[in-house]
Amino acid sequence: MSVGLVIVSHSAKLAEGVCELAAQMAADVRLAAAGGTDDGGIGTSLEKIQAGIAETDQGDGAVLLTDLGSAVMTAEMAMEFLDPEQQERVRMANAPLVEGAVAAAVSAQTGKSLAEVLSAAESAGASY
Amino acid sequence: MSVGLVIVSHSAKLAEGVCELAAQMAADVRLAAAGGTDDGGIGTSLEKIQAGIAETDQGDGAVLLTDLGSAVMTAEMAMEFLDPEQQERVRMANAPLVEGAVAAAVSAQTGKSLAEVLSAAESAGASY
Amino acid sequence: MELDAAWADRWMHDSARVIAENRQRLTTLDREIGDADHGENMERGFSAIVEKLDTDGTPDTPGAVFKTAAMTLMSKVGGAAGPLYGTAFLRAATAAGDSGALGPAELVAVLTAARDGIVARGKAEVGDKTMIDAWTPAVDAAATAQAADSTPAGILIAAANAAEAGLAGTEPLVARKGRASYLGERSAGHLDPGAASTALILQSAVRAAEAAA
Amino acid sequence: MELDAAWADRWMHDSARVIAENRQRLTTLDREIGDADHGENMERGFSAIVEKLDTDGTPDTPGAVFKTAAMTLMSKVGGAAGPLYGTAFLRAATAAGDSGALGPAELVAVLTAARDGIVARGKAEVGDKTMIDAWTPAVDAAATAQAADSTPAGILIAAANAAEAGLAGTEPLVARKGRASYLGERSAGHLDPGAASTALILQSAVRAAEAAA
Ligand SMILES: Nc1ncnc2c1ncn2[C@@H]1O[C@H](COP(=O)(O)OP(=O)(O)O)[C@@H](O)[C@H]1O
Ligand SMILES: Nc1ncnc2c1ncn2[C@@H]1O[C@H](COP(=O)(O)OP(=O)(O)O)[C@@H](O)[C@H]1O
Ligand SMILES: [Mg+2]
Ligand SMILES: [Mg+2]
Ligand SMILES: [Mg+2]
Ligand SMILES: [Mg+2]
């Protein structure tokens, strides 16, 4: 098993594209695309994020990556609604979406811990 | 007129999603999605990047944003093939793709210069 | 007049109506300094609240109405306003507790909790050109009115008037939170859409209270 | 034996053949430390070169063959190998100029220019676990062989053997460029796919020269 990733974006295509890209180097990592509103518009969906967490966290935890500020807020809400036990293994990365997702996916693929995957995502931001 | 943006990605969906997101706050900015290979696979396409530059640079210049390192190399090649006059107004941003694209798009929408749009993209990277 | 569950239900219905009427205006404000969807976002959220209340029947307490509003806004809005107003109503529900009708002190506690929820969620301060610039003056005015022994309706009027003034005050500000902050100096000279919807919603609370008077 | 346009044409055909034969192997290497597409990328590129040469006919000079290879690789490969080998062959074409057949010094200049093109494009240094770890020993060995008055075929053999040794040397390295660098320490213990394709291509150059002997 490994840490999973939830890609939270305002655009369904963007979230799917990030998963597509990250999957290239992380064939065994669970990646969930939580993009767009429930009715397919541009925006974020609490329900999609919750489903993404449920799908990707199979016990080793999940890292959430977000695009804009309102995605961060919706993702935070989803995290607050988790039961306390699961809350401990679901983290939001303060990282650039695409670059953080690729770095985190590779880290998860090599079996790294939640803290290591999170830090892989967050240090991806520094390489500019 | 304004500075245009070319979104260079290994994934067609990712490039389109970034354009969708950036267009929300930049209705008048020319945004080109140059994602995926010519035959629809994961990878970058010199031709799509060249077409994206041609489409977005209408005299005020264009900024290229990229996902991974090989996208950077393909984009650099596309820039080298431009005629010298156009070369002067086409720039690659050293910025996180999504965050840089949104910041650059908003900057272009408000009529900023090529240098300002580039710097908006590049300082988006710093906010982590 | 009592700030009971029926009042809270009327508040939500009146909000849905005025937001629908002002959809275009809110979206136009958001076009200037955002992504032109605040009207649609808010209408989607409040029409879903009304639908839920109409289908399930009015809950027993104001707190339960706020809880319904919170959950609905969180899942339906799709923009920043969803988690922000959602958290506001969730905190308001907690502050209202099981009370069947809110007294003056409870009302101030509810408004304060709502504002604090928005701050907890969005980390905005007064002057950042957000809905907080309507909420914080509203909460302060409510507390002042309550200290002066106003009725609940009087407290709501004070809050709504202060929110309206707060909205007007957002015009010269440079945004430091939310999408508008991408615009930097260019965000000055426009009203904040979220502050505008806040003023509308607080005016609805007044009308809902007056309807029962 | 002459390193003329016919040689360059045979070189490209032989490369296409061995790359197709080694597609699986290159992709397996890339699966370990990359994205499992180097075999497909290279086969797509070289089969397109061959198609172009067969359709248009062999150009007049080695330089023109390299130019065709460069343009085709740049537009068809889709991965890092595209701009890297594309730039290599473009610089090789420039170094070859209008020469009808490459003498020993020209051959070394062509190989050096190719390697320098890859460095200019990818900024890798020896030891970064990339194709440069095959190219730089190859160029050095070619220069040494030429200084010792080797024939063009001898120079190519020296280059190919050094590339093969360079490939083997990538195994313990930790990648500092390209996708494999994402893996950090975990990239050690695997051969670099691009160094493997480089060794194959330089061996093809030898065979193409021997075929004319
Ligand atoms: N961090 C924040 N804190 C408080 N209010 C905020 C924050 N971010 C945005 N807002 C409010 O949300 C409003 C925009 O809401 P909306 O258009 O629905 O969301 P979005 O920006 O996601 O499209 C802004 O006008 C502002 O009042
Ligand atoms: N910056 C670079 N400099 C030199 N060679 C590189 C660089 N980046 C990648 N490579 C080479 O490219 C090879 C991978 O090629 P390929 O799989 O076609 O590209 P991609 O990584 O885009 O999928 C690597 O094995 C390495 O030899
Ligand atoms: Mg909006
Ligand atoms: Mg929005
Ligand atoms: Mg590869
Ligand atoms: Mg690839």
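A polar contact is a pair of N or O atoms within 3.5 Å; within protein, one atom must be able to donate a hydrogen and the other to accept it, and residues adjacent in sequence count only if both atoms are side-chain atoms. Keep that rule at hand for the exercises below.

The model is predicted, so local features need pLDDT of at least 70 and side-chain atom pairs count only at pLDDT 80 or more, while totals for chains, interfaces and linings use all residues. Residues are numbered from 1 along each chain as its sequence is written, chains are lettered from A and ligands numbered from 1 in the order in which they are written, and side-chain values use heavy atoms, with hydrogens and water left out.

**Exercise 1. Find the polar partner of the side chain of Asp54(C).**

Step 1. Place the residue: Asp54(C) is found in helix α3 (residues 38-56) of chain C. Helices here are DSSP runs (H or I, at least four residues), as strands are (E, at least two), numbered from the N terminus.

Step 2. Look at the side chain: that of Asp54(C) makes a polar contact with the side chain of His13(C), at 2.8 Å.

Step 3. Add a backbone distance: the C-alpha atoms of Asp54(C) and Asp9(C) are separated by 9.4 Å, with their positions 45 residues apart along the chain.

**Exercise 2. Describe the interface of chains A and B.**

Step 1. Start with the pairs of chains: of the 5 in contact, chains A and B share the most contacts. Contact means heavy atoms within 4.5 Å. On each side 24 residues take part, 24 of chain A and 24 of chain B.

Step 2. Turn to area: about 2,000 Å² is buried between chain A and chain B, and carbon and sulfur atoms give 67% of it. Buried area is the accessible area (1.4 Å probe) that two parts lose on being put together, summed over both.

Step 3. Count the polar links: there are 6 residue pairs in polar contact between chain A and chain B (both at pLDDT 80 or more). The elements that give two or more residues to the side of chain A that touches chain B are α1 (12-23) and α5 (97-109) of chain A. Of that side, α1(A) gives the most, with 8 residues. By type, the residues of this side divide into 12 nonpolar, 7 polar and 5 charged. Here Ala, Val, Leu, Ile, Met, Phe, Trp, Tyr, Cys and Pro count as nonpolar, Asp, Glu, Lys and Arg as charged, and the others, Gly among them, as polar.

Step 4. Check the salt bridges (a side-chain nitrogen of Lys or Arg within 4 Å of a carboxyl oxygen of Asp or Glu). The count between chain A and chain B is 2. One pair to look at is Lys13(B) with Glu16(A), whose closest N and O atoms are 3.0 Å apart. Lys13(B) lies in helix α1 (residues 12-24) of chain B and Glu16(A) in helix α1 of chain A, so the pair joins two chains.

**Exercise 3. Work out how chain A is laid on chain B.**

Step 1. Superpose the copies by least squares on the C-alpha atoms of residues with pLDDT of at least 70 in both. A turn of 180° and a shift of 0.0 Å along the axis lay chain A on chain B with an RMSD of 0.0 Å. The two copies are thus related as by a two-fold rotation axis.

Step 2. Locate the axis: of the residues of chain A, Leu14(A) comes closest to it, at 2.2 Å (C-alpha). The same surface serves both copies, as 100% of the contact residues of chain A recur in chain B.

**Exercise 4. Describe the interface of chains A and C.**

Step 1. Count residues and area: 15 residues of chain A are in contact with 15 residues of chain C. About 1,200 Å² is buried between chain A and chain C, with 58% from carbon and sulfur atoms.

Step 2. Find the charged pairs: the rule gives 2 salt bridges across the interface of chain A and chain C. Glu76(A) forms a salt bridge with Arg121(C), the closest N and O atoms being 3.5 Å apart. Helix α3 (residues 69-80) of chain A gives the most to the side of chain A that touches chain C, with 6 residues.

**Exercise 5. Identify the donors of the magnesium ion (ligand 5).**

Step 1. List them: Asp30(D) (OD), Asp35(D) (OD) and Asp37(D) (OD) coordinate the magnesium ion (ligand 5) at 2.0 to 2.2 Å. Donors are N, O and S atoms within 2.8 Å of the metal (3.2 Å for Na, K and Ca); water is not among the atoms, so sites may look incomplete.

Step 2. Look for a bridge: Asp35(D) bridges the magnesium ion (ligand 5) and the magnesium ion (ligand 6), which lie 3.5 Å apart.
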